[in-house]
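Work through the exercises below with the sequence and the model open. Try each task before reading its solution.

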Amino acid sequence: MSDLDDFKATYFDECSELLTELEEQFAAIEEGERGSDRLNAVFRAIHSIKGGAGAFGFSALVGFAHAYETLLDYVRDGRVELTDEVAALCIRANDIVADYVKAAQLGEELPLDYGSEEKSRFDALARGDTSTSDDEDDLSGEIVEEFDLEFVPVMVSIGTDDASDDTFDAPPMEDVDGSWSIRFTPHRALYARANDPLLLFRELAALGEISVTAHLAEISQLADFDPFAVYCSWTITLSGPDVSEISIREVFEFVDGDCEIIISRGGAAPAAPVKAIVADEEEDADFASLLALTEEEMASKKAVVVPSAAKAEVPAAAEDAGLSFLDLAAEIKPAAPVVAARPVAPTAPKPPAAAAPTAANEQEESHRPSGVQSIRVDLDKVDRVVNMVGELVITQSMLTQQMDETLRARYTELVRGLEVLAQTTRGLQDSVMAIRAQPVKSVFSRMPRLVRELAIKTGKKIKLETIGENTEIDKTVIEQLSDPLTHMIRNSADHGIESPEKRLAVGKNEFGTVRLSAEQAGGNILIIVEDDGAGINRDRVLQLARDKGIVAPDFTPTDEQIDQLIFAPGFSTADAVSDISGRGVGMDVVLSNIKKIGGSVHVRSRTGKGTRMTLRLPLTLAVLDVMLVRLGGSPYVVPLSSIVETIQCSRASFDRVPSGGRVLQVRGEYVQVADLCQRFGLPSEVKPDDQFVVLCETEGSQKLALVVDDIIGQQQVVIKSLEENFERVEGIAGGTILGDGNVALIVDVQGLRTTQLHQNAA
Amino acid sequence: MTLRVLTVDDSRTILAMLHHTLSNAGFEVLQAEDGQQGLDVLKNESVDVVITDINMPVMDGIEFIKNVRATGQHNSLPILILTTETSQDKRDQGKAAGGTGWIVKPFDPEKLISVINRVVH
């Protein structure tokens, strides 16, 4: 059922937000903030997860969440103290909840006893603290038994079972033809909670045939009339083939405790003495005259309006006139609004009204975020807008390109219009991108805990500093960021940071620092993971690379090249694959994940001082500033962000290196050359001297010179994934559709450099 | 006439399910994410019945009901409490605040509608 799937999607979405919220709250709790706000937020998060899980029947999740929630409830009201041990248990519990959510999402089953150890800890903690009180048994009973109860989507009828058992020995269904007699006396609280006898009668009428008799003896003189008092009670005779006492009790479920109900078998004799079925003449007249008052008269009397009570009394009065209840339902309608629409008379007692709104206002001021309103939008919808804006940007730039000088001179108004259009389009694009932007906080917030765990596992002392967590990036980029960041931080903690003894021995603080920062740099976001550990052991890296055949024995790479080797496929620097950073994934996976979202990774390490890994990510995945070049007659695009300069081949000076590769000398620096026509197997259409060199900078300020046939110009393009639409192609980062409808491929500069390096090295 | 229901819950999932169930049943649905928002809605809109959760940030369900009743303008507005709590204690609290009735989560759509019909004209 698609509706259900939609709800489930919403639910899992919500769960992931709540789990992130839990992380944040516990990070603060660990910092020592143990205020009730934090605990309430934690409680609510678990409560919401449980609530939704119940709706979808994820019973294992509900069971665990319920036990956890019970503990949290106890912590919240102080019955269990939030010690470090309890906090640690909660953090583990969060993980277990997360695992249950994930399993539910994937439709998998976790082992039956998953989390049972923690669950029994909850119980023990909760019991331990209340062991002196006599509800110990109740408590454990509650925890265990309520799991079963939770899944019964039925209304629990309160107080019915006992009553039926005690009062009636015979099964209620025994006498199918017999009728029931119900004596119903509401209390004033029944009206105060907006319950309405009329509705109860309607419910009863749905069970069988009813007739209602009103008892009006209590009605007072008009002078003594208290608008909040109850003057009316009823006897209802109900007959029908399938009427059980339980079903009658169910009707009165909501008013249980707010009225007196006596149910008896046999329609003839109401259980309570009937004082007067027909009210005293005089009182009746009084009431009738009250009902007959015009609005003005009532307003001037300022005394007598009780919305629900009055409504209820109308049938009572009419009943005396011999009408049956069912007829009344129609008649009451016109009368009711007259009474109900009126505000409560000013003289009526209004006890706590004054204080409450003030409290509400204060709350509004202190709790509401500064007037920022938001809506939730399906990401697909935003994506569509982003894509269309991208296309608009391109169409606009295409239009601008097609304005030649003659047109410009002739249609100045048109030119001005196009300029305004260009400006607006750009603004629109920025605004649309901003919609998808989201602070990196959501990913960063998961890291403190990771570092804590790593510190425990490795026996090292590690601090995590985070900077710039409010930096915003495209949501899709953020989603892809979690795994690589986790991996990089693991690397830093596992390989980078030394043990406290070692650190002290080399004169460092025994606490190693991992710094995680985010900043915007032009059209990119830089995310930097930096540690003050030992740095990359280059000798070992090189040795390992040689052993694995990644680097040829006679090739001596530079330090920077060695650092980059950790990204080579199948490379792992750990002597033994530890359970921390190993996990069968290397930095090559990090690199490919980052490249997938159009970013790049650069490592820089200083022996003994530490390692810095820089992720350069695009602000958005959708639109890219590019230079359009020609290769073998076809257009290709090179991302503008990586281009340093362009040089005409006739002015460039190439050399050959012994391995056969071509290098270009630019201002005393030798740069590797990638002849794109050759690389992509295209026939170059121009003479070597007429070609151009596009000098690009890749990660780590490594340069690469791309040889192209011609340079067409700059423009913006909307990136289309090649992998999604076709397959991954080495050296190509994606495709795009140009303004004239042609398809152009986007050159993957970083990818080219890496393969070039390996080719040269091999 | 179309009945208007105000649902107050901090869980988007529950709000979505309520919205679906109620609008399928022909109700007009207004939604709020906490008690304070619920009060704001009631300030400007007239509704026929309110369904509210208990555990919510900013203002919980019990406070919300108290506040609604305290204004004096909503004495006859039925307020249903939607709760995972099966305990009598919570129910009593809700009732004491002025709640009309309750629905136990997870709710069964048919039952939900029948409960609403039980408290509104």
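The exercises that follow concern a predicted model and go from chain A to chain B.

**Exercise 1. Chain A as a whole**

Task: State how many helices and strands chain A has, and what share of its residues counts as buried.

Solution. Step 1: chain A contains 28 helices and 22 strands. Step 2: of its 762 residues, 46% count as buried. Step 3: turn to contacts in chain A between residues at least 6 apart in sequence; 71% of these join residues at least 24 apart.

**Exercise 2. Helix 20 of chain A**

Task: Compare the span of helix 20 of chain A with the expected one, list its buried residues, and describe the residue just after it.

Solution. Step 1: helix 20 covers residues 447-458, which is 12 residues. Step 2: from first C-alpha to last it reaches 16 Å, close to the 16 Å expected at 1.5 Å a residue. Step 3: the buried residues of this helix are A:Met447, A:Arg449, A:Leu450, A:Val451, A:Leu454 and A:Ala455. Step 4: for reading such a list, recall that an α-helix has 3.6 residues a turn, so residues three or four places apart point the same way. Step 5: just after helix 20 of chain A comes A:Gly459, with a positive phi of about 70 degrees.

**Exercise 3. Aromatic pairs**

Task: Describe the geometry of the pair A:Phe64 and A:Tyr100, then that of the pair A:Phe184 and A:Phe201.

Solution. Step 1: over all chains, the structure holds 14 aromatic pairs. Step 2: A:Phe64 and A:Tyr100 have ring centres 5.9 Å apart and planes at 35 degrees, which is a tilted pair. Step 3: A:Phe64 belongs to helix 3 (residues 59-76) of chain A and A:Tyr100 to helix 4 (residues 84-106) of chain A, so the pair links distant parts of the chain, 36 residues apart. Step 4: both A:Phe64 and A:Tyr100 are buried. Step 5: A:Phe184 and A:Phe201 have centres 6.2 Å apart and planes at 85 degrees, an edge-to-face pair. Step 6: A:Phe184 is in strand 1 (residues 179-186) of chain A and A:Phe201 in helix 9 (residues 197-207) of chain A, so this pair ties together parts 17 residues apart in sequence. Step 7: A:Phe184 is buried, with a relative accessible area of 0%, and A:Phe201 is buried at 1%. Step 8: ring pairs also link A:Phe64, A:Tyr68, A:Tyr100, A:Tyr114 and A:Phe122 into a cluster.

**Exercise 4. Charges over rings**

Task: Find which ring lies under the charged end of A:Arg76, and which under that of A:Arg662.

Solution. Step 1: the charged end of A:Arg76 sits over the ring of A:Phe43, 3.7 Å from the ring centre. Step 2: the charged end of A:Arg662 sits over the ring of A:Phe654, 4.5 Å from the ring centre.

**Exercise 5. Strand 19 of chain A**

Task: Name the strands that pair with strand 17 and strand 18 of chain A here, with the sense of each pairing.

Solution. Step 1: strand 17 (residues 669-675) of chain A is joined to strand 19 of chain A by four bridges, and the two run parallel. Step 2: strand 18 (residues 692-697) of chain A pairs with strand 19 of chain A in the antiparallel sense, over six bridges. Step 3: A:Ala705 in strand 19 is the bridge partner of A:Val673, and A:Ala705 is also the bridge partner of A:Leu695. Step 4: five of the six residues of strand 19 (residues 703-708) of chain A are buried, so this strand is largely enclosed by the rest of the structure.

**Exercise 6. The sheet of chain B**

Task: Give the strand order of the five-stranded open sheet in chain B, and say which strands stand at its edges.

Solution. Step 1: the order is 2-1-3-4-5, with parallel pairing. Step 2: strand 2 (28-32) and strand 5 (101-104) of chain B are at the edges; each has a single partner strand, so one side of each is left without a neighbour in the sheet. Step 3: on average, neighbouring strands of this sheet are turned by 20 degrees against each other, direction ignored. Step 4: strand 1 (residues 4-8) and strand 3 (residues 49-53) of chain B pair in the parallel sense over four bridges, and B:Val8 has B:Thr52 in strand 3 as its bridge partner. Step 5: helix 3 (residues 61-70) of chain B packs on the sheet, touching strand 1, strand 3 and strand 4 (79-83), and its direction makes about 150 degrees with that of strand 3 of chain B. Step 6: helix 5 (residues 109-119) of chain B also packs on the sheet, touching strand 3, strand 4 and strand 5, at about 130 degrees to the direction of strand 3 of chain B.

**Exercise 7. B:Gln37**

Task: Decide whether B:Gln37 is buried, partly exposed or exposed.

Solution. Step 1: B:Gln37 lies in helix 2 (residues 35-44) of chain B. Step 2: buried means under 20% relative accessible area and exposed means over 50%. Step 3: B:Gln37 has a relative accessible area of 26%, so this residue is partly exposed. Step 4: the C-alpha atoms of B:Gln37 and B:Val58 are separated by 9.1 Å, and the two residues are 21 residues apart along the chain.

How values were computed
Residues are numbered from 1 along each chain as its sequence is written. Chains are lettered from A and ligands numbered from 1 in the order in which they are written. This is a predicted model: local features need pLDDT of at least 70, side-chain atom pairs count only at pLDDT 80 or more; totals for chains, interfaces and linings use all residues. Side-chain values use heavy atoms; hydrogens and water are left out. The expected span of a helix is 1.5 Å times one less than its number of residues. Buried means under 20% relative accessible area, exposed over 50%, partly exposed in between (1.4 Å probe, protein chains only). Rings of Phe, Tyr and Trp (its six-membered ring) pair if their centres lie within 6.5 Å; planes under 30 degrees apart count as stacked, over 60 as edge-to-face and the rest as tilted. A charge sits over a ring if NZ of Lys or CZ of Arg is within 6 Å of the ring centre and within 35 degrees of the ring normal. Two strands pair if DSSP finds at least two bridges between them. Axes are lines fitted to C-alpha atoms, for helices over the stretch in contact, and angles run from 0 to 180 degrees between N-to-C directions. Contact means heavy atoms within 4.5 Å.
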